[in-house]
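Work through the exercises below with the sequence and the coordinates open. Try each task before you read its solution.

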Amino acid sequence: PRTLRTFVLFVRGQQHSNLVTTMATRILPLELIDKAIGSKIWILMRGKTEVVGTLRGFDDYVNLVLEDAIEYTPDGRNGGNNVKTELKSEILLNGNQIAVLVPGANGPPEDSLAAQSG
């Protein structure tokens, strides 16, 4: 019985060691956003709105503060053209309305609203 107990403790210790190693290599969502502060970020909002801007800050609810932001929205009345709105001041985006964040992107892909607006 004593040897069996020692073996179980060794296995548990090794599992714990592997768990710590695995956790150290993972990155949490808020850590990823934190690394993007000061860089360009491309944001897909709920619906069809896209925003590109420089990330200045965020909170635990992923409310974002952006500067030099540009908003791209489809204009269904104007033959499917996109409306580009330059937002001249810092803005606050509500985290509840954000669907996807692409931090550190050089810009949106060619098939996005932002790219089609020129």
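Five exercises follow, each with a worked solution.

This is a predicted model, so local features need pLDDT of at least 70, side-chain atom pairs count only at pLDDT 80 or more, and totals for chains, interfaces and linings use all residues. Residues are numbered from 1 along each chain as its sequence is written, and side-chain values use heavy atoms, with hydrogens and water left out.

**Exercise 1. Salt bridges**

Task: Search the whole structure for salt bridges and describe each pair.

Solution:
- Step 1. Set the criterion: a side-chain nitrogen of Lys or Arg within 4 Å of a carboxyl oxygen of Asp or Glu.
- Step 2. Run the search. It returns two salt bridges.
- Step 3. Take E67 and R56. Their closest N and O atoms are 2.6 Å apart. E67 sits in strand β3 (residues 64–74) and R56 in strand β2 (residues 50–58), so the bridge ties together parts that are eleven residues apart in sequence. Helices (H or I, at least four residues) and strands (E, at least two) are DSSP runs, numbered from the N terminus.
- Step 4. Take K88 and E86. Here the N to O distance is 3.9 Å.
- Step 5. Add accessibility. Buried means under 20% relative accessible area, exposed over 50%, and partly exposed in between (1.4 Å probe, protein chains only). E67 has 22% and is partly exposed. R56, at 39%, is partly exposed. K88 reaches 75% and counts as exposed. E86 has 47%, which makes it partly exposed.

**Exercise 2. The partners of β3**

Task: Find which strands pair with β3, and in what sense.

Solution:
- Step 1. Apply the pairing rule: DSSP must find at least two bridges between two strands.
- Step 2. Check β2. It pairs with β3 in the antiparallel sense over seven bridges. L55 stands opposite L66 in β3.
- Step 3. Look at the connection. β2 and β3 form a hairpin with five residues between them. V62 in the turn has a positive phi of about 60°.
- Step 4. Check strand β4 (residues 82–87). Six bridges join it to β3, and the two run antiparallel. P74 has N82 in β4 as its bridge partner.
- Step 5. Check strand β5 (residues 91–93). It is antiparallel to β3, over three bridges. V65 faces L92 in β5.

**Exercise 3. The partners of β1**

Task: Trace the pairing of β1 through I43.

Solution:
- Step 1. Strand β1 (residues 40–45) runs antiparallel to β2, joined by five bridges. In β2, V51 is the bridge partner of I43.
- Step 2. The two strands make a hairpin with four residues between them. G47 in the turn has a positive phi of about 90°.
- Step 3. β1 also pairs with strand β6 (residues 98–103), antiparallel and over five bridges. I43 stands opposite L101 in β6.

**Exercise 4. A buried charge**

Task: Is E50 buried or exposed, and what does its side chain contact?

Solution:
- Step 1. Locate E50. It is in strand β2.
- Step 2. Classify it. E50 is buried, yet has no salt bridge.
- Step 3. Look for opposite charge. Lys and Arg count as positive and Asp and Glu as negative; His and the chain ends are not counted. The nearest such side chain, K48, is 10 Å away.
- Step 4. Look for polar contacts (a pair of N or O atoms within 3.5 Å; within protein, one must be able to donate a hydrogen and the other to accept it, and residues adjacent in sequence count only if both atoms are side-chain atoms). The E50 side chain makes one with the side chain of W42, at 3.1 Å.

**Exercise 5. Core and long-range neighbours**

Task: Describe the largest nonpolar core, then the surroundings of L30.

Solution:
- Step 1. Define the core: buried Ala, Val, Leu, Ile, Met, Phe, Trp, Tyr and Cys residues joined through side-chain atoms within 4.5 Å.
- Step 2. The largest has 14 residues; I43, V51, L55, L64, L66 and L93 touch the most other members. β1, β2, β3 and β5 each give two or more residues to this core.
- Step 3. Turn to L30, found in helix α2 (residues 29–35). It is partly exposed, at 31%.
- Step 4. List its contacts (heavy atoms within 4.5 Å). Not counting residues up to four places away in sequence, L30 touches F58, D59, D60 and V62.
- Step 5. Compare separations. L30 and D60 are 30 residues apart in sequence and 7.5 Å apart in space, C-alpha to C-alpha.
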